[in-house]
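Biologist: Walk me through this model. I will ask how each label was earned.

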Amino acid sequence: MLFRNLAIGLTAGSWSFHRCVAVAIEARASEKKCQQTTVAILGGGVAGITAAQALSNQSITDFLIVEYNADIGGRMAHTSFGKKADSTPYVVELGANWVQGLGTKGGPENPIWTFAKKYNISNEYSNYSSILTYNETGYTDYSNLLDDFENAYATMEQDAGYILTENLQDQSTRTGLALAGWKPKKSMAAQAVEWWEWDWETSYTPEESSLVFGITGYNLTFYQFSEANNFVVDQRGFNALLKGIASTFLKKNDPRLLLNKTVTDIAYSKDGVNITNADGSCIEAAYAICTFSVGVLQNDAVAFKPALPDWKQTAIEKFQMGTYTKIFLQFNETFWDPNTQFFLYASPTTRGYYPVWQSLSTPGFLPGSNIIFVTVVERESYRIEAQSDEKTKAEVMAVLREMFPDVHVPEPIAFMYPRWSLTPWTYGSYSNWPVGTSLEMHQNLRANVERLFFAGEATSAEYFGFLHGAWFEGREAGERIAGILGKECKNGDGGCGDYKSYEELHGTSPLGDYGVVNGWAVSSFYDIGF
Ligand SMILES: Cc1cc2nc3c(=O)[nH]c(=O)nc-3n(C[C@H](O)[C@H](O)[C@H](O)COP(=O)(O)OP(=O)(O)OC[C@H]3O[C@@H](n4cnc5c(N)ncnc54)[C@H](O)[C@@H]3O)c2cc1C
């Protein structure tokens, strides 16, 4: 039947038939034709946007940014939550919330702070001294333990500096704390204090975290810039900052920004990088910068062809991807002290069980919002991210009723939390440096493989986990490629072109390694006796 119709068609007008065939063949060919570009930037988070900006600054305008989501920002992500008196929702940050370590007059400044000021991002100083302590019986003052921890921490800082300087074996933070005299053991109050001082920032326990790089990471952000953490409450969302940066080189609906596109395969060689997307489209690039999180890389969400070399894959598997989950509640009243920012809860049985509560209904934040949120990390995150909202809500409400036994704690009018560990474009929140892992091994996480470059918060040796880490690393990858493409090398002593990598790893990295070549641009020795 089909043959008969075709035959009729042929006799009825053979010119139009031939034209149809030609058009069909052409369409198939163009379907297979890949978009060509000089630099493919994989991911439109902070690192991707700053990489593109670095290229633009050097007049390299032939790039494509490929982004999974419908907007730029990546882990700088917000959502609508609850409602105001006029019934419109609030905007709360699901991901990055603080500018951490701002800067001092005349001293170095955190670039995220520079741009927060430039783009008028509303924020408020987080006063970590504004904290009340609780356990299962209600308010119980164990704030003296905060000082005990901080005294031990000061000793531990010096020990870490000694280990680094003398090229000794790294230890766990647990070992460092114990040697400095901090042993919380079965005291749940001490465990809660420790969680607030350590896990809340790193998303991992002291047992799992590197002593040396936990301390250097803290020094480089909070001693180099400043100890202040400013909490963003901008109702445009924190990513208004990134949109501001992007607006300096991307125009509205810029065809170089490919949104809602999921990369599935990356084929790299010494001649270029071919990228295949879930929708069947493809890109042929002279160079590519992959800014996907360690979580994405560890979960094999993208296939590399050929498989990444052992030194690279080992580094990817070695670094930790923490999960940090904020659980938001809105009530019809603020039944907690509206002038206190933080409320620390020590569970009688489980370390890290709904420990840190933060009021947004406080002057400077979202006053009158009746919103409070509680944060959990790591194993508790995995546990609650795998269960229903209803179950989590019941657990959270039971804790609140323990903390405030003398007041009527009503049911929340809004309740919500993200599930970072299950989110396919990040698989977790941010990276952490595991015990006993050298700077050289970290450098392997940064290093390019042929023409495929890597950048993101995790590739920052100095500022891993932070927005500014992603900012510096994106910029460096862009500058290195600009240098290869014949532009002036703006990466200073770090140089342009290939990153250094280490096929053979040693237990520690000598002091001489701590330089720009391995992503260590400034000294990490601050305020300690060296
Ligand atoms: C809950 C939470 C709290 C945080 N709090 C803070 C904080 O207070 N202060 C701070 O400084 N930092 C904080 N961070 C860390 C900070 O958000 C990150 O360091 C930073 O945003 C990472 O930027 P990036 O560009 O390296 O990665 P990303 O933001 O992850 O960007 C990578 C991009 O790649 C895209 N992508 C992934 N897979 C694919 C694919 N297959 N195809 C196409 N695109 C893909 C993603 O959608 C994403 O946009 C927090 C993070 C989280 C999650």
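Biologist: Which residue in β13 stands opposite Asn-274?

Modeller: Glu-284 in β13. This is a predicted model, and that pair sits where β12 and β13 run antiparallel, over 4 bridges.

Biologist: What makes β12 and β13 a pair?

Modeller: The cut-off is at least two bridges. DSSP finds 4 bridges, so β12 and β13 pair. The two strands form a hairpin with 4 residues between them, and Gly-280 takes a positive phi near 90° there.

Biologist: How do you know that β11 and β12 pair too?

Modeller: By the bridge count again. Strand β11 (residues 263–268) and strand β12 (residues 273–277) share 5 antiparallel bridges, so the cut-off of at least two is met. Asp-265 stands opposite Thr-276 in β12. These strands also form a hairpin, with 4 residues between them.

Biologist: How confident is the predictor in the chain?

Modeller: The average pLDDT is 93, and 93% of the residues score at least 70. Over residues 1–30, however, the pLDDT is below 50. Beyond near neighbours in sequence, that stretch has 2 contacts in the model. For the complex, the predictor gives an ipTM of 1.00 and a pTM of 0.93.

Biologist: Which strands pair with β1, and in what sense?

Modeller: Strand β1 (residues 35–42) runs parallel to strand β13 (residues 282–290), with 7 bridges. β1 also runs parallel to strand β2 (residues 63–66), with 4 bridges. Ala-40 shows both pairings: opposite it in β13 is Ala-288, and its bridge partner in β2 is Leu-64.

Biologist: Which elements make a β-α-β unit with β1, and of which hand is the unit?

Modeller: β1, α3 and β2 make the unit, and its hand is right. With the strands pointing away from you, the path over the helix runs clockwise, and therefore the crossover is called right-handed.

Biologist: What describes the packing of α3 on α15?

Modeller: An angle and a distance. Helix α3 (residues 46–57) and helix α15 (residues 467–484) pack at about 35°, with axes 7 Å apart. The crossing is right-handed. That label applies because the near helix is turned clockwise from the far one.

Biologist: Which residues of α3 and α15 meet?

Modeller: On α3, they include Val-46, Gly-48, Ile-49 and Leu-55. On α15, they include Leu-467, Trp-471, Gly-474, Arg-475 and Ile-481. The contact residues divide into 13 nonpolar, 4 polar and 3 charged. Gly-48 and Gly-474 fall in the polar class, because Gly is counted there.

Biologist: Why are β5 and β6 called edge strands?

Modeller: The open sheet of 3 strands has the order β5-β9-β6, with antiparallel pairing. β5 (98–100) and β6 (123–125) each have a single partner strand, so one side of each lacks a neighbour in the sheet. The twist averages 25° from one strand to the next.

Biologist: How do you know that β6 pairs with β9?

Modeller: There are 3 antiparallel bridges between β6 and strand β9 (residues 229–232), so the cut-off of at least two is satisfied. Tyr-125 stands opposite Asn-230 in β9.

Biologist: What is the strand order in the sheet of 7 strands?

Modeller: β8-β7-β17-β18-β19-β16-β20, open, with mixed pairing. β8 (138–139) and β20 (414–416) are the edges, each pairing on one side only. Within the sheet, strand β7 (residues 131–135) runs parallel to strand β17 (residues 342–346) over 5 bridges. Thr-133 has Leu-344 as its bridge partner in β17. Helix α12 (residues 378–385) lies across β16 (324–330) and β19 (371–377), at about 110° to β19.

Biologist: What makes the peptide bond from Lys-305 to Pro-306 stand out?

Modeller: The bond is cis, with omega near -10°. Pro-306 lies in the loop between β14 (303–305) and α11 (310–318). Most peptide bonds are trans.

Biologist: What is notable about phi of Lys-185?

Modeller: Its phi is near 45°, a positive value in a residue other than glycine. Most such residues have a negative phi. Lys-185 lies in the loop between α6 (173–179) and α7 (188–202).

Terms used
Residues are numbered from 1 along each chain as its sequence is written. This is a predicted model: local features need pLDDT of at least 70, side-chain atom pairs count only at pLDDT 80 or more; totals for chains, interfaces and linings use all residues. pLDDT is the predictor's confidence in each residue, from 0 to 100. Two residues are in contact if their C-beta atoms, placed from the backbone, lie within 7 Å. Axes are lines fitted to C-alpha atoms, for helices over the stretch in contact, and angles run from 0 to 180 degrees between N-to-C directions.
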